[in-house]
Amino acid sequence: MADTQQADSQVERKAARIAKQIGAFAKAHGGAEGTIEYLGQAGTRIVLIGEDGEWGDLVAPNHAIAAAAAEKAGLTLHDSFDGELAAKVRTGPYEWSRMAGIQVGGPSNG
């Protein structure tokens with residue numbers, strides 16, 4: 001019983017810490033919404049999109065902690081990173097050079 005209470009306490013602390021980070025992001029960007037994406041053994045990614053188009057992400061140890069953090073922070077969650085949500089993201093030169101650099105005007109693979 002004590003082990004279960006200790007584990008629950010650790011989950012609550014981790015979720016509260018991540019919720020605080022979500023809240024700080026939302027405050028800095030005029031609000032936020034996001035999605036939770038499974039990463040495998042690495043954990044669960046919380047993708048955040050600010051009202052101003054800025055984006056970021058946080059990684060939680062598991063889905064339960066990510067969901068608890070999002071709920072504590074009052075984050076509006078989407079089921080997936082669909083076209084409507086992606087359209088809100090503002091990208092800049094860095095993203096274009098890193099994500100599409102090889103395909104669009106970046107260095108060749110050869």
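**Close-ups of a predicted model**

Across the chain, pLDDT averages 85, and 81% of the residues score at least 70. Keep in mind as you browse these views that this is a predicted model.

**View 1. Confidence is not even along the chain.** Start with helix α2, where confidence is highest, at a mean of 95. Now hop over to helix α4: confidence is lowest there, at a mean of 70.

**View 2. Four strands line up in an open sheet.** Reading across the sheet, you meet the strands in the order β3-β2-β1-β4, and the pairing is mixed. Which strands sit at the edges? They are β3, covering 55–60, and β4, covering 76–78, and each of them pairs on one side only. Going from one strand to the next, the twist averages 30°.

**View 3. Strands β2 and β3 run antiparallel.** Zoom in on β2, residues 43–50, and you'll find 6 bridges joining this strand to β3. Pick out R45 and look across to β3: the bridge partner there is V59.

**View 4. The largest nonpolar core has 16 residues.** In soluble globular proteins, nonpolar side chains tend to be buried together. Here, the members that touch the most other members are I18, I22, I46, L48, A69 and L75. Where do the core residues come from? Helix α1 (2–28), strand β1 (32–40), strands β2 and β3, and helix α2 (63–73) each supply at least two. The largest share belongs to α1, with 5 residues.

**View 5. I18 has contacts well along the chain.** Set aside the neighbours within four places in sequence, and what does I18 still touch? The list runs I46, L58, V59, A60, P61, I65 and A69. Two of these names, I46 and A69, also appear in View 4 with I18 among the core members that touch the most others.

**View 6. K72 and E12 form a salt bridge between two helices.** Side chains of opposite charge can pair when their charged atoms come close. The model has 4 salt bridges in total, and in this one the closest N and O atoms are 3.0 Å apart. K72 belongs to helix α2 and E12 to helix α1, so the pair links distant parts of the chain, 60 residues apart. Is K72 buried or exposed? Something in between: K72 has 46% relative accessibility, so K72 counts as partly exposed. E12 is partly exposed too, because its relative accessibility is 43%.

**View 7. E33 and K88 meet in a salt bridge.** From N to O, this pair is 2.8 Å apart. E33 lies in strand β1, while K88 lies in the loop between α3 (83–86) and α4 (93–99). That puts the two residues 55 apart in the chain. Check the surroundings of each partner: E33 has a relative accessible area of 9%, and because buried means under 20%, E33 counts as buried. K88, at 36%, is partly exposed.

**View 8. R45 and D57 join strands β2 and β3 by a salt bridge.** You've already met R45 in View 3, where V59 is its bridge partner in β3. In this view, R45 forms a salt bridge with D57, and the closest N and O atoms are 2.5 Å apart. R45 is in strand β2 and D57 in strand β3, 12 residues apart. R45 is partly exposed, with a relative accessible area of 31%, and D57 is partly exposed at 35%.

Definitions and conventions. Residues are numbered from 1 along each chain as its sequence is written. This is a predicted model: local features need pLDDT of at least 70, side-chain atom pairs count only at pLDDT 80 or more; totals for chains, interfaces and linings use all residues. Side-chain values use heavy atoms; hydrogens and water are left out. Two strands pair if DSSP finds at least two bridges between them. Axes are lines fitted to C-alpha atoms, for helices over the stretch in contact, and angles run from 0 to 180 degrees between N-to-C directions. A nonpolar core is a set of buried Ala, Val, Leu, Ile, Met, Phe, Trp, Tyr and Cys residues joined through side-chain atoms within 4.5 Å. Buried means under 20% relative accessible area, exposed over 50%, partly exposed in between (1.4 Å probe, protein chains only). Contact means heavy atoms within 4.5 Å. A salt bridge is a side-chain nitrogen of Lys or Arg within 4 Å of a carboxyl oxygen of Asp or Glu. pLDDT is the predictor's confidence in each residue, from 0 to 100.
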